[in-house]
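Visitor: I'd like to learn how to read domains and contact surfaces in a model like this one. Could you walk me through it?

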2 protein chains.
Amino acid sequence: MFKKRLFTPGPTPVPENIMLRMAKSIIHHRNPEFKEIFAELNENIKYLFQTTQDVFTLTSSGTGAMEASVANVINENEKAIFVNGGKFGERWGQLIKTFGGIPVEIKKDWGDPPTVDEIIELIKKYPEVKAIFLTHSETSSGTITDIKEISRAVHQFSDALIVVDGITSVGAIELKMDEWDLDIVLTGSQKGLMIPPGLAFIAVSERAWKKINQTENRTFYLSLKRAKKALESGDTPWTPAITLIIGANEALKMIKQEGIENVWKRHSRLAEGIRIGVKALGLNLLSKSPSNAITAVLMPDGIEFKKFNDALKHEFGITVAGGQENYKGKLFRISHLGYYDDFDMISMISALEFALKKVGYKFEPASGVSAIQNYFLLNL
Amino acid sequence: MFKKRLFTPGPTPVPENIMLRMAKSIIHHRNPEFKEIFAELNENIKYLFQTTQDVFTLTSSGTGAMEASVANVINENEKAIFVNGGKFGERWGQLIKTFGGIPVEIKKDWGDPPTVDEIIELIKKYPEVKAIFLTHSETSSGTITDIKEISRAVHQFSDALIVVDGITSVGAIELKMDEWDLDIVLTGSQKGLMIPPGLAFIAVSERAWKKINQTENRTFYLSLKRAKKALESGDTPWTPAITLIIGANEALKMIKQEGIENVWKRHSRLAEGIRIGVKALGLNLLSKSPSNAITAVLMPDGIEFKKFNDALKHEFGITVAGGQENYKGKLFRISHLGYYDDFDMISMISALEFALKKVGYKFEPASGVSAIQNYFLLNL
């Protein structure tokens with residue numbers, strides 16, 4: 001008998017108190033009781049994004065908020081840079097195309113984030129670029145991009161908007177929207193926010209609003225102008241996912257109580273523990289710039305992913321994520337994003353050893369758990 | 001941020017599916033829907049006790065079932081042996097006295113179980129003894145008593161009843177009521193049965209029924225005759241703890257699915273892992289005959305229990321049990337009883353190292369987690 005344990009980058013584990021809060025009798029979304037909760041959420045979500053700007057709640061997945069960031073911002077035939085270094089970076093390109101923009105691609109190997117120089121070079125080549133679409137934490141490869149430095153460098157001589165997919169970074173990895181002068185930042189609910197999927201959040205700077213106001217409306221449901229108008233009276237333009245908003249509000253209270261800096265530190269610590277444990281077992285990471293939200297580990301030579309994953313999942317109850325696209329079957333991804341602590345990570349490395357042993361991979365027994373335990377002990 | 005994790009010998013962790021089942025709208029206990037559930041429980045509980053005899057459900061704690069085992073069995077001035085080698089063995093003596101019996105005490109040091117010879121010697125000295133009250137797994141000291149051998153030896157020449165407190169053994173440690181010829185076996189709900197406290201279960205042999213029928217009624221609520229009469233029509237004599245019975249029924253389905261032998265093996269494995277981990281850290285066990293339900297660990301010299309426990313609980317979210325009576329402040333007890341798996345045990349040993357480090361105890365870092373991980377790996 002092994003319990004079920006989830007180590008996927010969304011959904012992430014939902015704290016019991018949030019699940020129980022959401023299980024209470026449903027209320028109506030135009031009632032004062034709900035409006036009060038939504039008002040509280042609208043304050044606390046700013047803290048999550050480290051912004052004084054309004055953050056809009058969309059009833060959609062994270063991709064819905066990505067679509068909102070393109071559809072409300074890019075007019076037909078306007079140029080926008082995006083970085084194709086993973087499945088989610090690639091998605092920015094698909095969205096820009098869908099809405100008639102001209103995508104300017106920076107192609108990178110998976111695991112290799114864009115450099116400031118690469119972006120500056122392109123901005124200089126195409127000064128007419130209206131926005132740069134970035135992925136803070138690329139979930140497909142477990143890679144972090146230095147959006148702080150990119151934003152600083154770009155804004156020194158360009159009005160191009162910095163649009164950040166923060167889906168697996170907001171609430172997990174340091175991100176300061178105002179201080180870093182980011183223009184649009186978005187996330188989904190089932191990530192660092194620790195609630196089930198169904199909501200997305202999008203924060204918009206004054207610079208971004210100027211551009212949005214000059215952009216032709218090409219979305220109704222995801223219109224940020226409509227969202228802004230509704231929010232002025234404390235509402236959403238359409239029926240929101242009521243229970244998820246109630247859950248998100250609880251989650252934000254938990255994050256405020258822990259303190260956002262502590263949340264970032266915890267993720268950094270858990271991620272480092274996992275990296276140390278994985279490397280001690282002789283395994284290699286895909287990424288040159290590993291994200292603190294998720295660790296992509298290359299399958300060792302001669303080990304079949306399916307067999308390994310079957311052992312992990314069906315014998316030991318652990319669900320991790322596999323590789324995507326070209327990396328299907330070539331890597332597995334351990335999430336440490338959201339509601340996790342040290343002991344979850346120790347359990348994960350212990351289970352990893354169990355599954356590796358089952359598929360005949362040779363390693364020094366207990367070397368993974370020793371390594372992560374030693375790291376945690378040294379950093380108590 | 002550390003999650004709350006419970007390692008106490010009751011309540012033990014309750015599986016989510018059981019909690020959710022119990023949270024459904026309440027039903028009435030004389031309705032067919034409830035009677036069907038209770039009938040199913042009454043079949044499955046026999047499997048838990050490994051008996052074909054009826055097992056009675058009392059709405060009480062385990063102590064209520066202990067009281068029923070004395071009040072229904074021992075007449076005034078009848079002799080009964082009990083073993084005082086821990087807080088719960090001692091309780092048998094208090095109960096025998098309360099109901100006017102004459103307790104014949106076997107006094108043992110905590111952690112030292114009674115031997116077959118000690119009991120046989122007393123039975124020979126007092127052939128008029130009506131019953132021997134034993135504690136299978138003594139929770140206060142983490143000690144297992146060989147009730148199988150005691151029962152075999154006693155029944156070779158005596159009709160004295162073998163009454164077993166199986167509170168922390170039933171559903172955790174091998175116990176075969178019929179095969180071992182035990183007369184009364186009882187347990188509580190918040191132990192191996194993995195549900196919250198509030199129910200006790202008591203199984204009664206034919207030999208025991210003969211004695212009960214010759215015993216004066218000195219309890220109304222806990223009358224086994226009344227329980228038997230009610231059970232004949234599929235009922236309880238008094239209002240039962242409805243939701244707990246529904247939960248117990250779910251728990252029994254889980255135990256049947258895992259298989260009782262597998263449940264025993266799992267507890268043996270988890271307990272051995274904990275013992276190996278604890279010893280690797282240089283700590284000592286109290287018991288000479290350790291129980292697979294709970295491990296009592298002596299506080300190392302110079303370490304204050306309160307400081308250690310505060311670190312474990314308040315810094316790392318782990319609740320263990322302290323020592324009782326003379327061992328208050330001198331030991332801590334790790335439960336591995338009920339709904340636990342390997343990774344829970346690894347987490348426990350990891351946390352133990354964290355707390356020991358915090359209070360300045362010297363040990364080879366990660367030696368505990370290495371030891372338990374190696375044991376589990378060798379026994380996958």
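Visitor: Let's start with one chain. Which domains does the domain assignment give for chain A?

Guide: Keep in mind that this is a predicted model. For domains, look at the residue ranges and check whether each one is a single stretch. In chain A, domain 1 is made of 5-11 + 259-378, while domain 2 covers 16-258.

Visitor: What separation do the centres of domain 1 and domain 2 of chain A have?

Guide: Taken over C-alpha atoms, the two centres in chain A are 28 Å apart.

Visitor: And how many residues of each domain of chain A are in contact?

Guide: Count each side on its own. Here, domain 1 of chain A puts in 27 residues and domain 2 of chain A puts in 29, with contact meaning C-beta atoms within 7 Å. On the domain 1 side, helix H10 (260-280) and strand S11 (294-298) of chain A each give two or more residues. H10(A) gives the most, with five.

Visitor: What classes of residue make up that domain 1 side?

Guide: The side of domain 1 of chain A that touches domain 2 has 13 nonpolar, eleven polar and three charged residues.

Visitor: Now the chains. How many residues does the contact take from chain A and from chain B?

Guide: Same approach: sides, then elements, then classes. The contact takes 23 residues from chain A and 23 from chain B. On the chain B side, helix H12 (342-358) and helix H13 (367-378) each supply at least two residues. H12(B) gives the most, with nine. By class, that chain B side holds eleven nonpolar, five polar and seven charged residues.

Methods:
Residues numbered from 1 in each chain as written. Chains lettered and ligands numbered in written order. Predicted model: local features only at pLDDT ≥ 70, side-chain atom pairs only at ≥ 80, totals over all residues. Contact = placed C-beta atoms within 7 Å. Helix = DSSP H or I, 4+ residues; strand = E, 2+ residues; numbered from the N terminus. Nonpolar A, V, L, I, M, F, W, Y, C, P; charged D, E, K, R; others polar. Domains from an automatic or database assignment.
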